[in-house]
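Here are my comments on the model you sent, set out as numbered points. They deal with salt bridges, surface exposure, the backbone, contacts between separate stretches of the chain and the main pocket.

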Amino acid sequence: MKNLLVKLIVPVGILAVGVAGFALMRAMGDPPARIERPYLGPLVQAISVPANRTTVVVEGQGTVRPSAQIDLVPQVSGIAVWKSPELEPGGIFTIGDLLLEIDPRDYELHVRQAAAAVAQSRYRLDLAREEAEVAGQEWERIDGSDTEPGQLVLRIPQLRAAEADLQAAQARLEEAELRLSRTRIHAPFDGRVRSARADAGQHLNAGQPIAQIYSIEKAEIVVPIPDADLAWFPLPLPGRVQDAAQPGQTVSAPAEAPSGPHLCSREGANAVISGTFAGRSHQWQGRVVRTEGELDPQSRMVRLVIEVDKPYAGIATGQAPLTVGMFVDVAIAGRPADDVRTLPRSALRQGDRVWTVSPTGILRVRDTRVLRAMKEEVLIRLDLPADEQIVISQLSGVTDGMKVRLTEEEVGS
């Protein structure tokens, strides 16, 4: 029993001594000092964007297509006796090249027959002239009075019939020669073969397509762009308007987007076409030539037509061709705009506003004039003190004049 009391009293005593010592030490120590820290506001990131002169570039994408594409159709029937090696899919030819020849023998016979008919008609005409002359002499010999003889007496109708017969024979000869010339099918332009359906020895019918060819003298790219972008570069004047314009009349381009729907000039804006050929990037120069006759029915965008002259001209010097079907990027050179700032799209707030911050950390909400909104950037016009920066951070509950803190890391424009 005594041992049990000892085991209980000793731990209780130790615990009591510890509590008393802790209370004594706490009573003897000084309380910690309270430090008041002012609220500096949320941490934001800002950039310096000076106003400068910016050239607007309207960008788009499109697929290369030929400026002209036709079906090659023979105008006469017959057996193909010769076919050009280039009259195969992918073949390249120049204007005037012989592509196909049809057996000309039948048509040569028709030319000879027509030539013989012309000779006969010319003989009959000479005979009619001689007979008319003899008839006139006979009239003068028989009746030497001043009476005028009739046309039948002088055989004038027979002479006119012989002249008409000669003209008809000559027309038939020209027709036969024309049909003979059509047995040789020549290239109507510099181009390439998309498909071919004719071989030597095959019978071809007049009006039956034997190949599909397209021109490589020019290439076109159709680029859909938003309607608002038409205000930033000139469109070419239609031909009738150019003819009606006064000589020497020019169109001046304003420094910023006009209030009208678009601006026209005698020539369209220049464009740079970028694409990949044989695993490498290449560029070609083009020009805006027109817009298509209607809006895109699905995207409701304007479809520009960019034209590139001689897309295959540089093959001999190692320059890549602008091939049909290639998907390319197009950059259209627009007009310059003065005193504008280029911001990230995220820096533009609702209502076309931006947040600015002064060196003292005061945030201001400022209205801007948006000139052009792009995919990742916007062009704005804003009167801004030189020492203020534009906030690009996302905040909630923003009020004009609130305090913010700038990050130590300086962010470039």
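1. A residue is called exposed when its relative accessible area is over 50%, buried when that area is under 20%, and partly exposed in between. The model is a predicted one, and the points below should be read with that in mind. By this cut-off E294 counts as exposed, because its relative accessibility is 52%.

2. E294 also takes part in a salt bridge, its partner being R303, with the closest N and O atoms 3.9 Å apart. Since the criterion asks for a side-chain nitrogen of Lys or Arg within 4 Å of a carboxyl oxygen of Asp or Glu, the E294 and R303 pair, at 3.9 Å, satisfies it. Both residues belong to a network of salt bridges that links R65, E220, R290, E292, E294 and R303.

3. How many salt bridges does a search of the whole structure find? The search returns 18, and two more of the pairs are described here by residue. As background, side chains of opposite charge can pair when their charged atoms come close.

4. One of these pairs is E88 with K83, whose side chains meet at 2.8 Å, N to O. The two partners fall into separate exposure classes: E88 is partly exposed because its relative accessibility is 37%, whereas K83 is buried because its relative accessible area is 15%.

5. Another pair joins R364 to D400, the closest N and O atoms being 3.1 Å apart. This salt bridge links distant parts of the chain, with R364 in strand 20 (residues 363-367) and D400 in the loop between strand 23 (389-391) and strand 24 (405-406), 36 residues apart. R364 is partly exposed, with a relative accessible area of 34%, and D400 is likewise partly exposed, at 46% relative accessibility.

6. On the surface, I79, V81 and W82 form a nonpolar patch, and together they have about 250 Å² of accessible area. I79 lies in strand 5, which covers residues 78-83. Is I79 buried, exposed or partly exposed? At 34% relative accessibility, I79 counts as partly exposed.

7. Two backbone positions deserve a look. Most residues other than glycine have a negative phi. K310, although not a glycine, has a positive phi of about 45°, and D352, also not a glycine, has a positive phi of about 55°. K310 is placed in the loop between strand 17 (302-309) and strand 18, while D352 is found in the loop between strand 18 and strand 19 (353-357). K310 is exposed, with a relative accessible area of 56%, whereas D352 is partly exposed, at 38% relative accessibility. For K310 there is also a spacing to record: its C-alpha atom is separated by 9.0 Å from that of P321, which is 11 residues apart from K310 along the chain.

8. Two further C-alpha separations involve residues placed in helices. Q113, in helix 2 (residues 105-142), and R172 are 59 residues apart along the chain, and their C-alpha atoms are separated by 9.5 Å. Q158, in helix 3 (residues 156-181), is 31 residues apart in sequence from L127, with 10.0 Å between the C-alpha atoms. Q113 is exposed, with a relative accessible area of 55%, while Q158 is partly exposed, at 31% relative accessibility.

9. What is the volume of the largest pocket? The value is about 440 Å³. This pocket is lined by 15 residues, of which E59, G60, R372, M374 and K375 are the closest to its centre. The elements that give two or more residues to the lining are strand 3 (52-66), strand 18 (327-344) and strand 21 (369-373), and the largest share, 4 residues, comes from strand 3.

10. My last comment concerns the chemical make-up of that lining. By class, the largest pocket is lined by 6 nonpolar, 2 polar and 7 charged residues. In this count the class of a residue depends on its type, so G60, one of the residues closest to the pocket centre, is counted as polar because Gly is placed in that class.

Key:
Residues are numbered from 1 along each chain as its sequence is written. This is a predicted model: local features need pLDDT of at least 70, side-chain atom pairs count only at pLDDT 80 or more; totals for chains, interfaces and linings use all residues. Side-chain values use heavy atoms; hydrogens and water are left out. On a 1 Å grid over the protein atoms alone, a cavity is a set of points where a 1.4 Å probe fits but cannot get out, and a pocket is an open set with protein on both sides within 12 Å along at least five of seven lines; lining residues have an atom within 4 Å of a point. Grid points are joined across faces, edges and corners, and a volume is the space filled by probe spheres set on the points. Patches are made of residues with over 30% relative accessible area and no salt bridge: like charges are joined within 9 Å, nonpolar side chains (Val, Leu, Ile, Met, Phe, Trp, Tyr) within 5 Å. Accessible areas come from the Shrake-Rupley method with a 1.4 Å probe; for residues, only the protein chains shown count as cover. Buried means under 20% relative accessible area, exposed over 50%, partly exposed in between (1.4 Å probe, protein chains only).
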